[in-house]
Amino acid sequence: MMPPDLALLRVVLDARHNELEDSLRQREALAVEHGVDMIDQVQHTAARDMAIYTLGCESVRLREVRAALHRLHLGTFGVGLDCKEEISLKRLVAVPRAALCFVSQEASDRSSMSPRNHRRAAASRRILNLAPTAVVPVHL
Ligand SMILES: [Zn+2]
């Protein structure tokens with residue numbers, strides 16, 4: 001990888017690092033509200049659950065970004081942790097925190113997808129209407 005590419009990816013990772021740290025500092029949405037009516041309470045609980053979920057995701061992202069910055073520091077950035085093959089620049093531009101090459105990432109995703117998780121993911125897709133919809137016959 002060329003030094004200008006590395007410098008640009010470092011800038012992107014630094015910016016993402018700062019953005020995630022700022023976001024994780026703001027936790028007002030996690031505060032518990034008292035003295036509000038039932039509908040407000042339900043809405044607040046849903047917003048709070050979403051904030052907790054987002055917090056978890058952002059914490060994971062921050063760890064990944066910090067690890068990528070550390071690999072930059074060590075001079076091992078852009079090398080797949082599993083296979084030691086070079087991670088493509090195209091992949092790093094899309095996912096600068098990537099620690100695995102595309103092939104290793106796919107293999108990792110497949111192995112972490114247990115049959116139970118696979119069914120859950122399929123159910124989520126159905127709920128979100130992402131699965132192909134069935135044709136319902138219409139009788140006129
Ligand atoms: Zn790999």
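**Two helices and a core: a friendly walk-through**

Mentor: Let's begin with a crossing: in this predicted model, helices H1 and H2 cross in a left-handed way.

Trainee: At what angle do H1 and H2 pack?

Mentor: Picture a line through each helix. The axes of H1 and H2 lie 9 Å apart. The angle at which H1 and H2 pack is about 150°.

Trainee: How many residues of the contact of H1 with H2 are nonpolar?

Mentor: On the H1 side, the contact includes Leu6, Leu13 and Leu20, and on the H2 side it includes Leu55, Leu62 and Val65. Charged residues take part too, among them Arg10 of H1 and Glu58 of H2. The contact has six charged residues and three polar ones, while the nonpolar ones number 10.

Trainee: Why does the span of helix H2 agree with what we should expect?

Mentor: Helix H2 covers residues 38–74, which makes 37 residues. At 1.5 Å a residue, H2 should span 54 Å. The agreement follows because the C-alpha atoms at its ends are 54 Å apart.

Trainee: Which residue just after H2 takes a positive phi?

Mentor: Look just past the end of H2. The phi there is about 85°, and the residue is Gly75.

Trainee: Which helix gives the most residues to the largest nonpolar core?

Mentor: That core has 10 residues, including Leu9, Leu13, Leu20, Val65 and Ala68. Two elements, H1 (3–25) and H2, each give two or more residues to this core. With three residues, the helix that gives the most is H1.

Trainee: Which residues does Ile87 touch, leaving out those up to four places away in sequence?

Mentor: Ile87 belongs to the largest nonpolar core, as do Leu92, Ala98 and Cys101. Ile87 touches those three, and its list also holds Gly78, Val79 and Gly80. In full, then, the residues are Gly78, Val79, Gly80, Leu92, Ala98 and Cys101.

Trainee: Does Glu33 count as buried or exposed?

Mentor: Glu33 sits in the loop between H1 and H2. A residue is exposed if 12 or fewer other C-beta atoms lie within 10 Å of its own. Glu33 has 12 such neighbours, so Glu33 counts as exposed.

Trainee: How far apart in space are Glu33 and His44, C-alpha to C-alpha?

Mentor: Along the sequence, Glu33 and His44 are 11 residues apart. In space, their C-alpha atoms are separated by 7.6 Å.

Trainee: And how many helices does the chain have?

Mentor: Reading along the sequence gives the pattern α-α-α-α-α. There are zero strands, and the number of helices is five.

Note on methods: Residues numbered from 1 in each chain as written. Predicted model: local features only at pLDDT ≥ 70, side-chain atom pairs only at ≥ 80, totals over all residues. Helix = DSSP H or I, 4+ residues; strand = E, 2+ residues; numbered from the N terminus. Expected span 1.5 Å × (residues − 1). Core = buried A, V, L, I, M, F, W, Y, C linked by C-beta atoms within 7 Å. Buried ≥ 20, exposed ≤ 12 C-beta atoms within 10 Å, placed from the backbone. Contact = placed C-beta atoms within 7 Å. Axes fitted to C-alpha atoms, helices over the stretch in contact; angles between N-to-C directions. Left-handed = near helix turned anticlockwise from the far one by under 90°. Nonpolar A, V, L, I, M, F, W, Y, C, P; charged D, E, K, R; others polar.
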